[in-house]
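Biologist: I am new to reading structures, and I would like to go through one slowly with you. Could you show me how to look at sheets, loops and a bound ligand?

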Amino acid sequence: MSMRLDRLLSELGAASRSELRQIIRRGRVSVDGAVVTEPERRVDPEGSEIRLDGELLTYRRFRYFMMDKPAGVLSVTEDRKQKTVLDLLPPELKRLGLFPVGRLDKDTSGLLILTNDGDFAHRVISPKSGVEKRYQAEVEGVPDEADVKAFAEGLTLGDGTKCLPARLEITGTNICYVTVMEGKYHQVKRMLASRGKPVVSLRRLSVGALELGEALGPGGFRELEKNDLCKVLRDFTIGK
Ligand code: URA
């Protein structure tokens, strides 16, 4: 694979593409030890040693991040009117072509993975992969053992939609925990509503064994490394 030098540097988050053309023309970039001043020069991103002002840049085609999505923000890549999760990222990360892995409703908060690896996203979302998504729900009413049993058997929603068996953990209060392996439209809200326990607020706590924790805070994010990704998909290998 080869790509234009200015595009490669832009994907590395070095600067915007127009700024990069200037940077390259000024002789600040070297490829395999030789200064290159043509932004359109094609280079091999994985096989070449690329330096900006002498500093080595490492190309990674696929990138993965986790975010503590705040309520009130859309989990889409763009919207003309409303704020999206990508609006919470700095410009150099916005250029990477990231998208959310599945969706959280606007009013749902919690763990959202962002990546530019379509195969990874597909595997995390697909019920066939068996990746569990665990949510904390505040509901009206107090879920009980009958609800736990109904979740475990696989609920049928009001419109006839059948859900896979799911886990409901009750606490004896109006807070409960729901674990599902699929992501149908408004699934957790509809499951709890079908048991007469409408959701007041919803927060995703984990995807697979990757836990959100408290460290990021609303809108906070961090890059995921291989060990994090193996918690999501046990057999994770980059780009597969
Ligand atoms: N289930 C829902 O109902 N909403 C979400 O945002 C995620 C799961």
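Modeller: What follows is a short talk about some features of this model, which is a predicted one.

Biologist: How are the strands ordered in the open sheet of four strands, and which pairing do they have?

Modeller: The order in this open sheet is 3-2-5-6, and the pairing is antiparallel. Strand 3 (34–35) and strand 6 (55–57) are at the edges and have a single partner strand each, so one side of each has no neighbour in the sheet. Within the sheet, strand 2 (residues 29–31) runs antiparallel to strand 5 (residues 50–52), and three bridges join them; in this pair, S30 has R51 of strand 5 as its bridge partner.

Biologist: What should I keep in mind about the side chains of a strand?

Modeller: In a regular strand, the side chains point alternately to one face of the sheet and to the other. Another pair to look at is strand 11 (residues 167–170) with strand 12 (residues 175–180), which are antiparallel and share four bridges, and there L168 stands opposite V178 of strand 12. These two strands form a hairpin with four residues between them, and in the turn G172 has a positive phi of about 80°.

Biologist: Which sign does phi have in most residues other than glycine?

Modeller: Most residues other than glycine have a negative phi. In this structure, D32 is not a glycine and yet has a positive phi of about 50°, and D32 is found in the loop between strand 2 and strand 3. D53, which is not a glycine either, also has a positive phi of about 50°, and D53 lies in the loop between strand 5 and strand 6.

Biologist: Now the ligand: which residues surround the ligand?

Modeller: A useful way to begin is to list the shell and then to look at single contacts. Around the ligand are L104, D105, T108, Y135, H186, Q187, V188, K189 and L202, and by type this shell divides into four nonpolar, three polar and two charged residues. Helix 6 (residues 187–194) gives the largest share of the shell, three residues.

Biologist: Which atoms of the protein lie 2.7 Å, 3.1 Å and 3.3 Å from atoms of the ligand?

Modeller: A polar side-chain atom of D105 is 2.7 Å from a nitrogen atom of the ligand, while a polar backbone atom of V188 is 3.1 Å from a nitrogen atom of the ligand. For Q187, a backbone N or O atom lies 3.3 Å from an oxygen atom of the ligand. Taken alone the ligand exposes 230 Å², of which the protein buries 95%, and the space that the ligand takes is the largest pocket.

How values were computed: Residues numbered from 1 in each chain as written. Predicted model: local features only at pLDDT ≥ 70, side-chain atom pairs only at ≥ 80, totals over all residues. Heavy atoms only, no water. Pairing = 2+ DSSP bridges. Near = heavy atom within 4 Å. Polar contact = N/O pair within 3.5 Å; in protein donor to acceptor, adjacent residues only side chain to side chain. Areas by Shrake-Rupley, 256 points an atom, 1.4 Å probe, with all protein chains shown as cover. 1 Å grid on protein atoms, 1.4 Å probe; cavity = no way out; pocket = protein on both sides within 12 Å on 5 of 7 lines; lining within 4 Å. Sits in = over half its atoms within 2 Å of the grid points. Nonpolar A, V, L, I, M, F, W, Y, C, P; charged D, E, K, R; others polar.
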